[in-house]
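Subject: Structure handover

Hi,

Here is the structure for you to look over. My notes follow below it.

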Amino acid sequence: MTAKKSVLVEKVEETKAVEEKALIKKIKTPQLLRGFRDILPEDQPYWDAVHQKGAELALAYGYDRIELPLVESAELFARSVGKQTDIVEKEMFLFPDASGTNIVLRPEATASCARAYIEHGMVDRPQPVKMYYQGPMFRYERPQAGRYRQFYQLGFESFGSADPVVDAEMIILGNILYNELGLPVVAHVNSLGTPESRTQYKVELVAHYRKHRNDICEDCKRRIVKNPLRVLDCKEEGCQNIKNNAPQLLDFLDEASKEHFMKVLEYLDEMNVSYVLTPHLVRGLDYYSHTVFEFYLADQEEGKRQSALGGGGRYDGLVELLGGRPTPACGFAPGVDRIMSAMKEKELSGLRYQPTVYLAPLGDAARKKAFPLFESLRQGGVLVTQTFGKSALKGQLEAADKAKVRYTLILGQKEVLDGTIIVRDMESGAQETVDIGKVLGILQKKMSSATLS
Ligand code: HAM
């Protein structure tokens with residue numbers, strides 16, 4: 001009878017389990033949107049290294065932090081980045097807000113910085129005004145390796161100086177940033193000269209493309225009419241040969257533009273920056289004049305599609321274009337996502353919090369004591385960590401091992417009653433029991449002697 005019943009019970013439970021499983025299957029977890037990504041805890045050492053290096057260089061080179069909104073008017077980017085650019089034509093996250101105003105998630109922040117410069121009357125401050133930002137940008141691009149729809153940039157912008165030393169400073173700053181993060185880079189540089197010096201060039205460029213009208217893509221056909229320089233951004237396979245044989249802008253620069261560019265290169269030589277002249281580099285944004293540049297890994301595998309680790313240039317006409325007083329300006333934006341992935345690929349270590357002490361309480365009474373002890377150690381300058389959510393000694397010792405600490409403090413029931421704590425040396429395995437009131441001083445002493453030796 002009992003055996004029979006238990007078979008029945010088993011059957012019922014089995015059916016219930018199958019039903020529950022089916023129900024779970026029906027509840028689909030909402031997925032990440034295409035082109036978006038989570039930056040996980042294991043990515044943070046790289047994230048922190050990039051942001052800390054950016055902030056450190058901004059401080060040293062005199063760039064003040066600015067926080068800009070993620071949402072701006074659509075018009076800001078149409079007027080600055082340019083109506084015929086990929087960014088504005090195809091990639092903007094554009095939608096009307098509740099009042100019907102067209103707004104965009106910012107695709108970049110140089111235009112926002114220029115807007116802020118005008119809006120806050122920064123032209124009346126001592127020039128140049130140098131600003132630094134970091135944060136997410138949004139472009140509705142085709143997702144692929146190193147190309148996200150939400151990505152992150154650092155940004156350095158300098159307003160109010162036309163001196164080539166500023167162009168050079170941006171490239172030198174970039175070179176230092178990548179190198180100090182462990183990435184050997186090469187800067188691709190070019191000069192777009194002034195709008196006047198580009199007029200004759202555009203005529204020649206259009207003539208060249210017209211000769212090949214039947215072989216170029218639809219975008220290029222449109223662009224030679226509307227905004228000829230943009231044909232040089234074309235990534236279509238069939239257009240590459242035509243682009244490579246196109247006339248070069250450098251041959252059309254006026255004397256002042258040539259001289260400006262030569263001075264920039266002289267500064268780069270002085271600082272041993274590795275660069276290559278890249279005559280067809282025009283960048284994907286319309287606001288540039290004179291120097292433009294992009295950074296690439298220097299030791300990139302042959303044939304592997306390169307993606308720029310950052311880019312920038314001079315944009316002397318932008319502030320005026322947006323309604324401000326004529327103001328020369330120049331800037332640079334490193335791409336955080338691509339820097340992080342290059343660091344990972346090269347197995348660089350990033351920036352990690354390396355604790356020296358792990359605190360392991362055993363049982364409830366010990367945990368209660370552990371909280372204030374942990375705080376007194378932390379406030380006393382000890383780099384301490386814990387996993388109070390783990391209860392067994394084995395699990396906590398494994399966590400201590402994983403955290404690569406030098407000492408583990410073990411606080412059991414007996415120690416709580418005695419007012420003591422065990423200090424375990426994780427290298428030798430040696431343990432000593434010490435007065436809990438003295439443990440901070442003991443650790444501080446151990447650590448200072450470790451630093452001396
Ligand atoms: P940009 O070349 O469009 O320039 O972007 C700068 C960097 O951002 C790129 O070199 C790349 O590393 C990163 N980036 C761009 N798009 C993506 C994406 N979809 N996914 C991942 N990373 C990306 C600008 O945005 C200008 N505002 C730079 C500037 C500052 N010019 C003057 N001042």
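The side chains of R283 and Y288 make a polar contact at 2.9 Å. Keep in mind that this is a predicted model. R283 sits in the loop between β8 (275–277) and β9 (289–297). Its relative accessible area is 12%, so R283 is buried. The cut-off for buried is under 20%.

R283 has a second polar contact to note, with E294. Side chain meets side chain there, at 2.9 Å. E294 belongs to strand β9. E294 is also buried, at 12% relative accessibility.

Contacts of these two residues, leaving aside neighbours within four places in sequence:

- R283 is in contact with R230, D233, Y288, V292, F293, E294, G311 and G312.
- E294 touches V186, A187, H188, L281, R283, A308, G310 and G311.

G311 appears in both lists.

**Ligand site**

Which residues come nearest to the ligand? They are E108, T110, E141, R283 and Y288, out of 26 residues around the ligand. So R283 and Y288, the pair from the opening, belong to this group.

Three polar pairs with the ligand are worth checking:

- Y288: a polar side-chain atom lies 2.6 Å from a nitrogen atom of the ligand.
- Q153: an N or O atom of the side chain is 3.0 Å from an oxygen atom of the ligand.
- G310: a polar backbone atom is 3.1 Å from an oxygen atom of the ligand.

How much of the ligand does the protein cover? On its own, the ligand has 650 Å² of accessible area, and the protein covers 96% of that. Three elements give two or more residues to the shell: β6 (150–159), β10 (310–314) and β11 (329–334). β10 supplies the largest share, with 4 residues. By class, the shell has 10 nonpolar, 9 polar and 7 charged residues.

G310 links two parts of this picture. Its backbone pairs with a ligand oxygen, and G310 is also among the residues that E294 touches.

**Salt bridges**

The structure holds 33 salt bridges. Three of them are described here.

E180 and K53 form one, with the closest N and O atoms 2.9 Å apart. E180 lies in helix α6 (residues 164–180) and K53 in helix α2 (residues 44–61), so this pair ties together parts that are 127 residues apart in sequence. Are the two partners buried or exposed? K53 is buried, with a relative accessible area of 13%. E180 counts as partly exposed, at 46%.

D86 and K90 form another, at 3.5 Å from N to O. Both lie in helix α4 (residues 86–90). They are 4 residues apart, so about one helical turn separates them. D86 is partly exposed at 28% relative accessibility. K90 is partly exposed at 43%.

E398 and K394 meet in a salt bridge at 3.4 Å, N to O. Their helix is α14 (residues 393–402). Here too the spacing is 4 residues, or about one helical turn. E398 is partly exposed, with a relative accessible area of 47%. K394 reaches 62%, so K394 counts as exposed.

Shared partners also build a network of salt bridges. D86, E89, K90, D219, R222 and R223 are joined into one. The D86 and K90 pair described above is therefore part of that network.

**K344 and D43**

One last pair. K344 is in helix α12 (residues 336–345). Its side chain makes a polar contact with the side chain of D43, at 2.6 Å. How far apart are K344 and D43 along the chain? They are 301 residues apart, while their C-alpha atoms are separated by 8.9 Å. Not counting residues up to four places away in sequence, K344 touches D43 and Y46. K344 is partly exposed, at 35% relative accessibility.

**Where to look in the viewer**

- R283, with polar side-chain contacts to Y288 and E294.
- The ligand, with Y288, Q153 and G310 around it.
- The E180 and K53 salt bridge, between helices α6 and α2.
- K344 and D43, in polar contact through their side chains.

Best regards

Conventions. Residues numbered from 1 in each chain as written. Predicted model: local features only at pLDDT ≥ 70, side-chain atom pairs only at ≥ 80, totals over all residues. Heavy atoms only, no water. Near = heavy atom within 4 Å. Polar contact = N/O pair within 3.5 Å; in protein donor to acceptor, adjacent residues only side chain to side chain. Areas by Shrake-Rupley, 256 points an atom, 1.4 Å probe, with all protein chains shown as cover. Nonpolar A, V, L, I, M, F, W, Y, C, P; charged D, E, K, R; others polar. Buried < 20%, exposed > 50% of the residue type's maximum accessible area, 1.4 Å probe, protein only. Contact = heavy atoms within 4.5 Å. Salt bridge = Lys/Arg side-chain N within 4 Å of Asp/Glu carboxyl O.
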